[in-house]
Amino acid sequence: MNALQRLEEFVLTEGTGRRKVQISGTIREVNPSYYRVAGLSQFVKLGDRVGFEAHEKTQAGEVVRIDDGGVTIKPFNGRIEAGIGTPAFILGDTALSPDHSWRGRVINALGDPLDDLGPLVPGHRPVRNDAEPPSAMTRARVTTPLKTGVKAIDLFTPLCQGQRIGIFAGSGVGKSTLLTMLAKCEGFDTIVVALVGERGREVREFLEGPIHANLHKSIMVVSTGDESPMMRRQAPRTAVALAEYFRDCGDSVLLIVDSVTRYAHAARDVALAAGEPAVARGYTPSVFSDLPRLLERAGPGQEGRGSITGIFSVLVDGDDHNDPVADNIRGTLDGHIVLDRAIADQGRYPAINVLGSISRLADHVWSPDQKELVRRLRGLIARYEDTRDLRLMGGYHPGNDQELDQAVVLVPKIYEALRQDPSMPASRDAFMDLAQALKQ
């Protein structure tokens, strides 16, 4: 055993991994987005947290790169208040220890309370924010239908408990509004909401809006757009870790993340600071491995345990649905709901493009008759949209095409039946509501 190994054995308590003494290094370089510390390379690993004292407070960061010359630390605080020569030390155990009493609370990405309801009561079982998903062979199957109360979704892209669905849209098309409607879903024991990189004013709007009735069983993890990339990167991981805790307790959990794209932006900033090269529109290779790793943690748990139904909003940059991040997420999830700016411009909300949206588990929800009906409705809508320019130019003459005649009569009624906003009551039976609308 060499001297370094003997030192490590002395520093760590046998079998626990907790440190007997504090190991510190020295800050040698300060950058606007990170700082470099010498003297810790042999004692840390990627993901460890390192802190330093500033203004009688401990400011923390995460190790994002290790080399012989030192370690690169990306701080959780947006402002770096360290100077050259400032001692930096390894922090202790920082794992979350959730408890059922956390429901009804608002916390930040590090698990600290943001509301005025006092400190959080720690639980007895710590959870990791980078835990592995359940084994593919031990996971339960997803077959239980879920009613969202949103007619367009329950009709054309129905969901199941334990499914993971993405809401894809450009900015200002109604993603957040649709998420508030989905947050009213019934049948869940716990709701975990992560607001990542969003506007600060939306936090209270979300709390005091439609989710207010379910606030007693909800936990909100908030990292607004003005916070550091490290906090925005950490928030979804914290939210998923909380969802996993309640899932393992047997709960049916609804996880809402708004938005995964902001998480990808933050992960890109961290990876660039660590020295990774950009490979696709500025994104680094690790971003495209981090996304599936995060999304796969949602879904059904092991047989006999709970499940996590994941709803992830995806901000499509420049309304380009082939954006690398959007394309990566779409291929990972169990379906996608596309919000169309052209539909929003017509004043039809939620602006769901039913032809561009799909649920890969819809067959577990539809009866054979409902499946055939939806197929026929999609055909009518497709025919109506394909001939829109022809009809505007006056090239349509009733009586020449029976299917088109039917589409011209029924599709406007279908569109009107699908209109819904958060102030309206949730739909109990979307097929019955549509049938009544078509009779008028």
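**Close-up views of a predicted model**

**View 1. A salt bridge between a strand and a helix.** A search of the whole structure, which is a predicted model, finds 25 salt bridges. One of them joins Glu62 to Arg233, and the closest N and O atoms of this pair are 3.2 Å apart. Glu62 belongs to strand 4 (residues 57-67) and Arg233 to helix 5 (residues 229-248), so the salt bridge ties together parts that are 171 residues apart in sequence. Where do Glu62 and Arg233 lie, buried or exposed? Both Glu62 and Arg233 are buried.

**View 2. The salt bridge of Asp67 and Arg65.** Here the side chains of Asp67 and Arg65 meet in a salt bridge, with a distance of 3.6 Å from N to O. Asp67 has a relative accessibility of 23%, and because the range for partly exposed residues begins where buried, under 20%, ends, Asp67 counts as partly exposed. Arg65, at 38% relative accessibility, likewise counts as partly exposed.

**View 3. The salt bridge of Glu416 and Arg419, and a network elsewhere.** Glu416 forms a salt bridge with Arg419, and the closest N and O atoms of the two residues are 2.9 Å apart. Glu416 is partly exposed, with a relative accessible area of 48%, and Arg419 counts as partly exposed at 30% relative accessibility. Apart from this pair, Arg139, Arg164, Glu296 and Asp334 are joined into one network by salt bridges that share partners.

**View 4. Aromatic pairs.** The structure holds four aromatic pairs, and two of them are described here. A pair of aromatic rings is described by the distance of the centres and the angle of the planes. In the pair formed by Tyr245 and Phe246, the rings are 5.1 Å apart from centre to centre, with 85° between the planes, and the arrangement is edge-to-face. Tyr245 is buried, with a relative accessible area of 9%, and Phe246 is buried as well, with a relative accessible area of 0%. The rings of Tyr283 and Phe288 have centres 6.1 Å apart and planes at 65°, and because an angle over 60 degrees counts as edge-to-face, this pair is also given that name. Tyr283 counts as buried, at 1% relative accessibility.

**View 5. Ala274 in a loop between two helices.** Ala274 lies in the loop that runs between helix 6 (260-273) and helix 7 (285-295). How is Ala274 classed, buried or exposed? Ala274 has a relative accessible area of 14%, and because a value under 20% counts as buried, Ala274 is placed in that class. When its neighbours within four places in sequence are left aside, Ala274 is in contact with Val64 and Arg65, and Arg65 is the residue whose side chain meets that of Asp67 in a salt bridge. From Ala274 to Phe156 the separation is 118 residues in sequence and 43 Å in space, taken from C-alpha to C-alpha.

**View 6. The cavity and its lining.** How many cavities of 30 Å³ or more does the count give? The count comes to one cavity of 30 Å³ or more, and the largest cavity has a volume of about 60 Å³. Its lining includes Thr148, Gly149 and Val150, together with Met181 and Lys184. Further along the sequence, Gln420, Asp421, Pro422, Met424, Pro425 and Ala426 also line the largest cavity. By residue type, the lining divides into six nonpolar, three polar and two charged residues.

Key: Residues are numbered from 1 along each chain as its sequence is written. This is a predicted model: local features need pLDDT of at least 70, side-chain atom pairs count only at pLDDT 80 or more; totals for chains, interfaces and linings use all residues. Side-chain values use heavy atoms; hydrogens and water are left out. Helices (H or I, at least four residues) and strands (E, at least two) are DSSP runs, numbered from the N terminus. Buried means under 20% relative accessible area, exposed over 50%, partly exposed in between (1.4 Å probe, protein chains only). Contact means heavy atoms within 4.5 Å. On a 1 Å grid over the protein atoms alone, a cavity is a set of points where a 1.4 Å probe fits but cannot get out, and a pocket is an open set with protein on both sides within 12 Å along at least five of seven lines; lining residues have an atom within 4 Å of a point. Grid points are joined across faces, edges and corners, and a volume is the space filled by probe spheres set on the points. Ala, Val, Leu, Ile, Met, Phe, Trp, Tyr, Cys and Pro count as nonpolar, Asp, Glu, Lys and Arg as charged, and the others, Gly among them, as polar. A salt bridge is a side-chain nitrogen of Lys or Arg within 4 Å of a carboxyl oxygen of Asp or Glu. Rings of Phe, Tyr and Trp (its six-membered ring) pair if their centres lie within 6.5 Å; planes under 30 degrees apart count as stacked, over 60 as edge-to-face and the rest as tilted.
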